[in-house]
Protein chains: 2
Amino acid sequence: MRAFFDPRSVLLVGVPRATGVGAYNGLEMLLRYGYRGKIFVVHPEATEILGHPVHRRVADLPEVPELAVISLGRDRVLPAVKECLDRGLKRFVVISQGFGDADERGRELQAELVAQVRAAGARLVGPNTMGSLNSFVGFTTAFVDLSRPAHPPPLTLVAQSGAPQVGSESFTGPLGQALDLGNAADVSFAEVLEYLEGDPLTRVIALHMEGLPEGRRFLQVASRVGRKKPIVVLKTGRSAAGARAALSHTGSLVGEDQVFSAAFARAGVLRARDTTDFKDTLRALVKLPPLQGPRLGIATPSGALGIIALDALEAAGLEAGPLPEAVRRAVEPLGPYWHRLGNPVDLWPIGMKTGDYLLAAKETVQGFLAADEIDGVLCMLPALASPLHANIVRPREFIAELDLPRFGKPLVLCLYGDGRDHVMQELAEVPGVACYVAVERAVRALARLAAWERLRRQPPEEFPLPAAAGAADPRILLGQGALEYLSRQGLPVAPGRLAATPREAVAAARELGFPVVLKAVSPALVHKWEAGAVLLGLTDPEAVEAGWATLWPRAREAAGGQDPQGILVQKQLSGREVLLGIKRDATFGPVVVCGLGGIYTEVLADTAQTLAPVTETQARELLTSLRASALLTGVRGEPGVDLEALARMLAALSRLAVAEPGLAEADLNPVLATPHGCWAVDARLVWRPR
Amino acid sequence: MRAFFDPRSVLLVGVPRATGVGAYNGLEMLLRYGYRGKIFVVHPEATEILGHPVHRRVADLPEVPELAVISLGRDRVLPAVKECLDRGLKRFVVISQGFGDADERGRELQAELVAQVRAAGARLVGPNTMGSLNSFVGFTTAFVDLSRPAHPPPLTLVAQSGAPQVGSESFTGPLGQALDLGNAADVSFAEVLEYLEGDPLTRVIALHMEGLPEGRRFLQVASRVGRKKPIVVLKTGRSAAGARAALSHTGSLVGEDQVFSAAFARAGVLRARDTTDFKDTLRALVKLPPLQGPRLGIATPSGALGIIALDALEAAGLEAGPLPEAVRRAVEPLGPYWHRLGNPVDLWPIGMKTGDYLLAAKETVQGFLAADEIDGVLCMLPALASPLHANIVRPREFIAELDLPRFGKPLVLCLYGDGRDHVMQELAEVPGVACYVAVERAVRALARLAAWERLRRQPPEEFPLPAAAGAADPRILLGQGALEYLSRQGLPVAPGRLAATPREAVAAARELGFPVVLKAVSPALVHKWEAGAVLLGLTDPEAVEAGWATLWPRAREAAGGQDPQGILVQKQLSGREVLLGIKRDATFGPVVVCGLGGIYTEVLADTAQTLAPVTETQARELLTSLRASALLTGVRGEPGVDLEALARMLAALSRLAVAEPGLAEADLNPVLATPHGCWAVDARLVWRPR
């Protein structure tokens, strides 16, 4: 992997002879970027480009470069790669488009390319990529002229597009290193993460992701690496249209968006909600020390901005801490006698009285930073371009006087006014302080710091890979058959017997104890209730016999004339109806789902899901994350259900999902949850061959 | 009002002698800003300031200036205003702080100030204000040195803070005019809106609002003005902490945040969700022609950004239109043979093949703009600072070649890369195109344009002012008494009789028809159900007598030994339980609330509210806006309720709320909604004197 980020020598194939405006000449860009390794260029006709010697054929190269960068038309890529492999090259960046990102022929070419490379024990980034960037050593494979940061930050981007590299100002802020995986045909996110784990030049990791072929492998690595170095992901293709476009853009597999969110949360990966949040979060993580708690000190030149900050704090789950006594003692004497101090501290009346706004700001910010009851500081600062206000716009001096390293707490400045860009530039590389241009963005960035601090302390998870599924036949189990299967797997199910005759039904009812429920069992009746194929509250043998006589013809009619397989006699239980289930996500495999059945699931879409397996603690968290979870924990004087038993059942189901890879879907619906135990009352299980 | 925005002469009281850095000298700022009207300055000691002659006393002024600007310490404000009133001045901007924004003494001073000014038939902006700004004529009352836009835009800001004026780059973009109402002690938002309605220099109105003393008066004006000129509001104090701070910042009244949202929606005012949205929305409205529909054409240099755009479109309620045939014909021949065209159009492969990225971009954007099936265009553009990419960064030429006025559709550019600030500046004043720096922000701004187009077409509403309440005693009506009151007001209620004895109860049940319900009536039992004071399903006289015997002692016990007033006998109805109610908002007065009772209201907080009165159509919209509204319209094969009758009932209740100003609260809970009609079954009504 090192050769992709920091090659000692590089071969360029496909560089045009033309240079300058509009030529997109990779050699020109590499030279301008300041690379000091060896550069080899192969071109069939030119003898030199930009004064650089050129070889006619790869076979002519005097040595084997560490990395080849191919930017030929798609039909010429495979022959060129073959030549390189023959010469012993092992690492490739294929810039060219028109592969998995294009048509059927492109997909075939991509598969051939990967097969060829892998057969030779070589590795490939791309195709359809801008490749790699290393501003520490001045290396780039881009065909765009990028500006190189004077002091590269410890931020590495792994993306599926060149746009965030080209527009790092818009997407990530200055980059130390970057790798565009493009179609991610060979080298994967997980492999790059493993490399970055040990890379001393990487302290923060940014991911731009469209799809993920090996979901669980990624989570295994991310869960480990993300405890040491924060990982922030911009996962796109959230919407239906976006997911379709993502599929065609890089041909990667795209799973369900909610499952991505659940998976990232479990692995300790911070998911950005949009490109602005991505950039803002990265800036906070690169520039600031940890935020150890939610209590902020706020300094504002305007009551109005203080109010906006308080609104943003509440939305972000942070709070204004108490006003430290030391701040009061230092600042109160400076202001007018009628000025009321609080947190936020309104600095303007003080600045107007003393004529020295920054003195009041400094006393306040330092007092907050020093106070045990404050975890971080938000300071809003007017940044005015006019020379008349030079006294309040001295950012470097202001920060130097604060002596931030002494406190080890984050300071966020929110700048406004026509001098804000100037101030932001002045402070861009000053550690310990991060600048934002909107109050809500500044607050959200602080909330992200707090979130990372919480994630970092979570123990990493395992994310076991499900066993490979055998090529079993597709199979569906319904009703009693499904319940018996679940019971054998150790899951609690409602006692019941499948009866073939009225006499068997009565015997079963006597054995189970009245009252009982009768349910017609037929593969053609998925929604028994709607089909009228369920009878409740049968309290004696006569009622069971009468029920049989009613139910059988009704079920046959609803099933289009097909006789039921039998009638299930169940002990009637009463409790809260819950739905527990398993499904398979295209990216992450087995997922568990829970909900409150009926109306809550169908009308209110109040369900929650996460990757299987879950511990009992995680299962309980999932259940109580439901909007209507008060129905489980107890409401309006009614007792709650046996949440421990329900969590135990969900955890057991989640382990089954991992252990039985062929079990594609399970719907335990309803599960009756009572104050003392819970039982699956009906179920539908689907196995699918893979 | 004109004198506040465009005074022909102005008096400054409280200007310091000091000038330059740190002096905050209002005269200096006014001169620098380029004001050409007459300026008078009163100062007790100075003879000149900045070479400008100074008068010792207001009485000495040779003429009566149109506007006085007072920036003295709070204790010197009232005497100075008195001097001005004596000299005949009628318009005041009081900059000084320390009034309603400070302590009890400040609130008293503010009340005296307003009384004094009003008694003289004069008007006041502030106190605690930065006052007014008019960049067309170079007038400002600010004590901060602001940069004056060369070409003032038709955007006027009315705020409760000087920060958005000082930091217009951060909050609104360049301002044509602005007025900071500060504590809004006299001049109100509604009055300023009325003035701006006829102001030819105002085409778009921005409001920064913390509180609103005359909520309905504001809505009456906004509803009319907002149909002609878009009004965008940043309402702060959303959170509990923010609302408390807003109250102390300007002392304005702060109502419930959700009611503000409902009120703005009804009045056709666009509410910004944060400061970034505020600025982005204003830019779109100031710079772009209308967006007549949701179908966008999208041009992108990168598949990745196209995916991000599609995600943002779906979140914002917009869509990618079909790819117009004309675009396909123009662009397809330019690209590589394997390139698949769609919407978004991925331009990069074309630009790489032709070497002329902007040609492909121009053909695409123009094709979209010309197509009937496209309402507006989003074009993402790399903006690179390197001279090597000068060929793709020619914003003025690019826009000129597009010939935008020909199409009358909005074009939004999303810029990324290290040259984006340069391009934004280049295009800042070019009409018909608006630039953004994040895809999601660009898309949201377009969605705001579409929202304004929908609002503009709604008929304006009336917002009747509730009649003044008499000073009646506080009074509570419960149970049958409340139902009888509602019935007299024309609202449908469940048939019932209040019985004092078991015999009366049996007689009532015979008259109403079995089955019946018994409910103990006692002021001490608000939650009858929890208290066990309700019996259902009594099918004969014996059951009624037995029920009485059970219910009476139980109710007495639950009421702490107090006998019930009687027992209500009601015809038992079955249907969906709905809650309808009235409450009074501190800002906007009568509000109607609806919800689905029980669990849905208490656990899921699934309620909706809007200002009273509502039409039957608006009532139906409110009911169907509930998350669980499928329970009303029909779900799982169950029939829906009589939505027409329910909407009629809610509309009638809303009219009652306006007609009966003393009726502070009404809870009709439950209302039983059946497929054929709906009836209030229990109610609680509270009158409060004002």
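In this predicted model, 84 residues of chain B are in contact with 84 residues of chain A. On the chain B side, helix α12 (residues 303-316) gives the most, with 9 residues. The chain B residues that touch chain A split into 35 nonpolar, 29 polar and 20 charged.

How are the two chains related? A turn of 180° with a shift of 0.0 Å along the axis lays chain B on chain A, at an RMSD of 0.1 Å. The two copies are thus related as by a two-fold rotation axis. Of the interface residues of chain B, 100% are also interface residues in chain A, so the copies meet through the same surface.

Some backbone details follow, starting with cis peptide bonds.

| Cis peptide bond | Omega | Place of the proline |
|---|---|---|
| Gly126(A) and Pro127(A) | about -5° | loop between β7 (123-125) and β8 (131-134) of chain A |
| Asn343(B) and Pro344(B) | about 10° | loop between α13 (325-331) and β17 (345-346) of chain B |

Next come positive phi values. Leu50(A) is a residue other than glycine, yet its phi is near 55°. Leu50(A) sits in the loop between β3 (48-49) and β4 (52-53) of chain A. Is Asp403(A) buried or exposed? Asp403(A) has 11 C-beta neighbours inside 10 Å, so it counts as exposed; the cut-off for exposed is 12 or fewer. Leu50(A), by contrast, has 15 other C-beta atoms within 10 Å and is partly exposed. Phi of Asp403(A) is near 55°, again a positive value in a residue other than glycine. Asp403(A) lies in the loop between α16 (395-402) and β19 (411-416) of chain A.

Conventions:
Residues are numbered from 1 along each chain as its sequence is written. Chains are lettered from A and ligands numbered from 1 in the order in which they are written. This is a predicted model: local features need pLDDT of at least 70, side-chain atom pairs count only at pLDDT 80 or more; totals for chains, interfaces and linings use all residues. Two residues are in contact if their C-beta atoms, placed from the backbone, lie within 7 Å. Helices (H or I, at least four residues) and strands (E, at least two) are DSSP runs, numbered from the N terminus. Ala, Val, Leu, Ile, Met, Phe, Trp, Tyr, Cys and Pro count as nonpolar, Asp, Glu, Lys and Arg as charged, and the others, Gly among them, as polar. Copies are superposed by least squares on the C-alpha atoms of residues with pLDDT of at least 70 in both. A residue is buried if 20 or more other C-beta atoms lie within 10 Å of its own, exposed if 12 or fewer, and partly exposed in between; C-beta atoms are placed from the backbone.
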